[in-house]
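I opened this model for the first time today and wanted a written record of what I looked up. These entries are in the order in which I went through the structure.

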Amino acid sequence: MTAITCVDDLQRLARRRVPRLFYDYVDSGSWTETTYRANAADLDRIAFRQRVLVNIEQRSLATTMLGREVSMPVALAPTGFAGMQHADGEILAARAAGAAGVPFTLSTMSVCSIEDVAAHSVAPFWFQLYVMRDREFVRALIERAKAARCGALVLTLDLQIPGQRHKDIKNGLASPGNLPFRTRLDMLGKVRWWSTMLGTRRRGLGNIVGYAPGVADLPSASAWVKRSFDPTLTWKDVEWIKACWGGPLILKGILDPEDARAACNSGADALVVSNHGGRQLDGAPSSIAALPGIVDAVGDRIEVHMDGGIRSGQDVARALALGAKGAHIGRAFLYGLGAAGEAGVRQCLEIIRRELDVTLALCGVTDVAQVDRSLLARSATTMNRKIA
Ligand SMILES: Cc1cc2nc3c(=O)[nH]c(=O)nc-3n(C[C@H](O)[C@H](O)[C@H](O)COP(=O)(O)O)c2cc1C
């Protein structure tokens with residue numbers, strides 16, 4: 001097999017190894033996928049300022065996120081069903097992130113439960129919360145995250161009603177019941193995937209099955225999820241969640257400067273500029289286009305992170321240059337996970353680290369903390385202002 005040198009290689013391998021049902025679940029966006037494509041395309045268009053004759057021998061990518069030291073300003077974004085890309089996926093990804101010195105975020109919709117990930121990984125992880133109508137269940141999830149010593153709560157704001165992904169419907173993932181014949185046939189061919197999946201008992205929604213009243217298996221959990229997310233969620237609830245949690249709070253899914261200003265007054269410690277990886281409001285701006293306007297709106301009143309379309313260290317550098325304190329990666333690490341489990345996620349993080357290091361060096365920057373808009377060619381910053 002040819003060498004793996006970039007995240008695209010991991011994606012190609014994941015496409016071969018993961019059943020199409022679950023691969024498509026990752027590699028898709030809502031409706032026309034315009035926002036999904038724009039996330040990566042807008043990043044690609046941003047050009048760097050190449051600088052020379054700067055001593056770049058000593059370099060550092062180490063910095064802090066939410067006051068905690070990280071080896072580079074990257075976090076693993078919360079992704080539902082990661083344990084279906086590879087058996088025990090969330091545990092493996094948490095371990096890889098811990099070894100790489102970056103935070104891992106566990107989704108509410110994970111296969112491995114909060115307790116399971118805490119028991120099988122060393123570094124503290126962040127927990128992502130979806131808000132259900134049943135506030136006692138929400139409170140219980142927060143208590144479980146506290147008991148597991150999660151380092152931050154990531155409250156997702158942009159999925160109170162779900163976007164539609166055509167592929168999930170066609171592949172039979174969107175509703176309980178029998179899978180279409182072609183989906184089952186494709187699954188049969190994924191021998192490597194089966195060989196690990198048959199060795200684990202972790203195949204449901206670990207945080208929900210057995211915890212939510214009346215939810216005992218995956219089909220009943222899926223149905224429960226659909227009717228349980230709370231569309232009445234408002235800023236008042238953020239205050240309540242902040243009070244229940246009492247620790248660092250990150251608001252995820254902010255794309256508008258007005259919402260970003262409201263986030264500053266909500267008591268949250270950080271926000272993630274995000275359109276859910278193009279999986280929710282199709283036609284919304286790309287995250288990177290929205291980022292500068294949000295950074296300008298909030299100044300240093302709240303830490304700003306971003307996600308959406310990050311596939312390389314160059315993309316992380318672009319996000320930092322436009323004011324993000326950290327970039328979260330979703331699909332990039334899932335491709336690593338699907339390609340080769342824990343080793344694949346480690347490889348993904350190493351690729352991104354190397355690319356970020358060399359990119360900054362060739363821009364004449366030796367310390368990641370020094371990155372600002374001067375990293376970018378002037379035409380690139382003007383272009384971004386236009387998009388935003
Ligand atoms: C397969 C998949 C599942 C996701 N599940 C969740 C989730 O459970 N909770 C959440 O807040 N965001 C979820 N997201 C959104 C990610 O946290 C993140 O915003 C997005 O993946 C970033 O874009 P990228 O994949 O291009 O890096 C999911 C994204 C993907 C691709």
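The entries below go from the sheet to the helices and end with two loop residues.

**Entry 1, the sheet.** I noted at the outset that the model is predicted, and I began with the strands. I found 8 strands forming an open sheet, with parallel pairing, in the order β3-β10-β9-β8-β7-β6-β5-β4. β3 and β4 (105–106) stand at the edges with a single partner strand each, so one side of each has no neighbour in the sheet. I then looked inside the sheet at one pair, β7 (residues 249–254) and β8 (residues 270–273), which run parallel and are joined by 4 bridges. In this pair I located Leu 251, which stands opposite Leu 271 of β8.

**Entry 2, helix α14.** Is α14 mostly covered or mostly uncovered? I looked up the burial of the helix, which spans residues 313–321, and found it mostly covered, with 8 of its 9 residues buried. The buried residues are Gly 313, Asp 315, Val 316, Ala 317, Arg 318, Ala 319, Leu 320 and Ala 321, and I noted that Asp 315 and Arg 318 are in that list. I next asked what covers them, and the elements include the helices α3 (34–44), α13 (287–298) and α15 (331–362), together with the strands β3 (74–76), β9 (303–307) and β10 (326–329). Just after the helix, I recorded that Gly 323 takes a positive phi of about 110 degrees.

**Entry 3, α14 against α15.** Since α15 is among the elements that cover α14, I looked at how these two helices meet. Their axes come within 7 Å and cross at roughly 55 degrees, which makes α14 oblique to α15, and the crossing is right-handed. On the α14 side the contact is made by Gly 313, Gln 314, Val 316 and Ala 317, and on the α15 side by Ile 352, Arg 353, Arg 354, Glu 355, Leu 356, Thr 359 and Leu 360. Sorted by class, the residues of this contact are 5 nonpolar, 3 polar and 3 charged. Of the contact residues on α14, I had already listed Gly 313, Val 316 and Ala 317 as buried.

**Entry 4, α12 against α13.** α13, too, is among the elements covering α14, and I followed it to α12 (residues 257–264). The axes of α12 and α13 come within 9 Å and cross at roughly 40 degrees, which makes α12 oblique to α13, and here as well I noted a right-handed crossing. The contact is made by Pro 257, Ala 260, Arg 261 and Cys 264 of α12, with Gly 293, Ile 294, Ala 297 and Val 298 on α13. I counted this contact by class as 6 nonpolar, 1 polar and 1 charged. On spacing, I reminded myself that an α-helix has 3.6 residues a turn, so residues three or four places apart point the same way.

**Entry 5, two loop residues.** Which residue between α2 (20–26) and α3 did I look up? It was Glu 33, in the loop joining those helices, where the residue has a positive phi of about 65 degrees although it is not a glycine. Glu 33 is partly exposed, because 17 other C-beta atoms lie within 10 Å. I then turned to Leu 53, in the loop between α3 and β1 (63–65), which is likewise not a glycine and has a positive phi of about 55 degrees. With 6 C-beta neighbours inside 10 Å, Leu 53 counts as exposed.

Notes: Residues numbered from 1 in each chain as written. Predicted model: local features only at pLDDT ≥ 70, side-chain atom pairs only at ≥ 80, totals over all residues. Buried ≥ 20, exposed ≤ 12 C-beta atoms within 10 Å, placed from the backbone. Contact = placed C-beta atoms within 7 Å. Pairing = 2+ DSSP bridges. Axes fitted to C-alpha atoms, helices over the stretch in contact; angles between N-to-C directions. Parallel < 35°, antiparallel > 145°, perpendicular 65-115°, else oblique. Left-handed = near helix turned anticlockwise from the far one by under 90°. Nonpolar A, V, L, I, M, F, W, Y, C, P; charged D, E, K, R; others polar.
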